[in-house]
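Colleague: I am new to this structure and would like a close look at a single part, namely any empty space enclosed inside. Please describe what surrounds that space, and then work outwards from there.

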Amino acid sequence: MISNAKSFIALVGDKNIRNYKEKLGYYGESIVLEATNLKLGTCWIGGTYKKEECKKYIEFKDNEELVCIIAIGNVDKNLSIKEKLVKTLNKNEKSFNDILISHNKEIPSWVKVGIDCTAKAPSALNKKIVAYKLKDNKVEAKIMKKNHGYEKIDLGISMLHFQLGAYSEGYMGRWKYENGGYIFY
Ligand SMILES: Cc1cc2nc3c(=O)[nH]c(=O)nc-3n(C[C@H](O)[C@H](O)[C@H](O)COP(=O)(O)O)c2cc1C
């Protein structure tokens with residue numbers, strides 16, 4: 001779907017780093033949001049690109065792998081017919097309650113805005129497989145389904161969106177990895 005892209009950002013992960021795929025999603029998306037702020041167009045690409053061609057431009061260290069790329073550049077403001085069609089067909093809107101799947105008390109505004117921001121997070125094949133639970137002012141992020149091997153990247157992307165949403169409501173939380181899950185304090 002992407003043509004004439006002249007530049008890409010390579011997301012290279014060190015397989016020895018714990019949870020490198022979630023980190024790659026989180027920091028990759030922070031680049032995407034900053035690029036968007038600069039009015040650049042971006043697209044995460046995990047599958048539909050010439051991986052071997054891209055690898056030629058990258059110096060890998062031991063244990064490093066190319067996980068995804070982000071195409072980046074100036075885009076035409078006017079969408080082509082194909083782009084308009086893809087935009088219409090690619091809809092997968094999740095309601096607030098599909099994303100925040102459980103809560104035991106009134107939902108604070110920082111959680112509400114955090115969840116609204118995760119609804120706007122990109123995900124591979126637009127599957128939106130990340131859900132959240134709220135318990136005693138702690139939020140947990142969870143992968144609900146596999147997504148062709150991209151679920152951990154989707155999770156990292158979604159967690160950044162949640163954190164920025166919470167932050168915009170004045171809640172300076174951070175994600176911590178505990179007992180195999182992600183908790184936001
Ligand atoms: C980890 C990841 C991998 C992706 N891989 C591809 C890809 O291989 N090809 C592609 O055209 N889009 C890819 N996308 C883009 C998603 O399909 C797109 O972000 C999603 O459908 C939402 O569309 P929107 O960003 O226009 O709302 C990927 C997105 C993510 C987050």
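Modeller: Two elements, β5 (130-135) and α6 (151-168), each supply at least two residues of the lining of the largest cavity. The model is predicted, with local features needing a pLDDT of at least 70 and side-chain atom pairs counting only at pLDDT 80 or more, whereas totals for chains, interfaces and linings use all residues. Residues are numbered from 1 along each chain as its sequence is written, and side-chain values use heavy atoms, with hydrogens and water left out. The element names refer to DSSP runs numbered from the N terminus, where a helix (H or I) has at least four residues and a strand (E) at least two.

Rolling a probe the size of a water molecule over the atoms shows where empty space is left. On a 1 Å grid over the protein atoms alone, a cavity is a set of points where a 1.4 Å probe fits but cannot get out, while a pocket is an open set with protein on both sides within 12 Å along at least five of seven lines; a lining residue has an atom within 4 Å of a point. Grid points are joined across faces, edges and corners, and the volume is the space filled by probe spheres set on them.

On these terms the structure holds 1 cavity of 30 Å³ or more, and the volume of the largest cavity is about 110 Å³. Its lining has 13 residues, of which Thr118, Lys128, Ile129, Val130 and Ser158 come closest to the centre. By class, the lining of this cavity is made up of 7 nonpolar, 3 polar and 3 charged residues, with Ala, Val, Leu, Ile, Met, Phe, Trp, Tyr, Cys and Pro taken as nonpolar, Asp, Glu, Lys and Arg as charged, and the others, Gly among them, as polar.

Helix α6 also holds His161, which is buried because its relative accessible area is 8%; here buried means under 20%, exposed over 50% and partly exposed in between, with a 1.4 Å probe and protein chains only. Contact means heavy atoms within 4.5 Å, and, residues up to four places away in sequence aside, His161 touches Glu29, Leu33, Gly114, Cys117, Thr118, Lys120, Ala121 and Pro122. One of these partners, Thr118, is among the residues closest to the centre of the cavity. By contrast, 92 residues along the chain from His161 is Ile69, and the C-alpha atoms of these two are separated by 19 Å.

From here the view can widen to the packing. In soluble globular proteins, nonpolar side chains tend to be buried together. A nonpolar core is a set of buried Ala, Val, Leu, Ile, Met, Phe, Trp, Tyr and Cys residues joined through side-chain atoms within 4.5 Å, and the largest one has 21 residues, with Val111, Tyr132, Val139, Phe162 and Trp175 making the most contacts inside it. Two or more residues of this core come from each of α5 (109-118), β5, β6 (138-143), α6 and β8 (181-184), and α6 gives the most, with 5 residues. Once neighbours within four places in sequence are left aside, Val111 is in contact with Leu100, Leu134, Val139 and Phe162. Another core lies apart from this one and has 13 residues, including Tyr20, Leu24, Trp44 and Tyr150.

Helix α6 also takes part in an open space. The second largest pocket has a volume of about 320 Å³, and of its 13 lining residues Lys23, Tyr26, Tyr27, Trp175 and Tyr182 are the closest to the centre. The elements giving two or more residues to this lining are α1 (20-37), α6 and β7 (175-178), with the largest share, 4 residues, coming from α1. The lining of this pocket has 6 nonpolar, 2 polar and 5 charged residues. Trp175 therefore appears twice in this account, close to the centre of the pocket and among the core residues with the most contacts, with lining and core membership defined separately.

Finally, the loop between α5 and β5 contains Asn126, which is buried because its relative accessible area is 16%. Asn126 touches Asn90, Lys91 and Asn92, not counting residues up to four places away in sequence, and a polar atom of its side chain lies 2.4 Å from the backbone oxygen of Asn90.

Methods: Polar contact = N/O pair within 3.5 Å; in protein donor to acceptor, adjacent residues only side chain to side chain.
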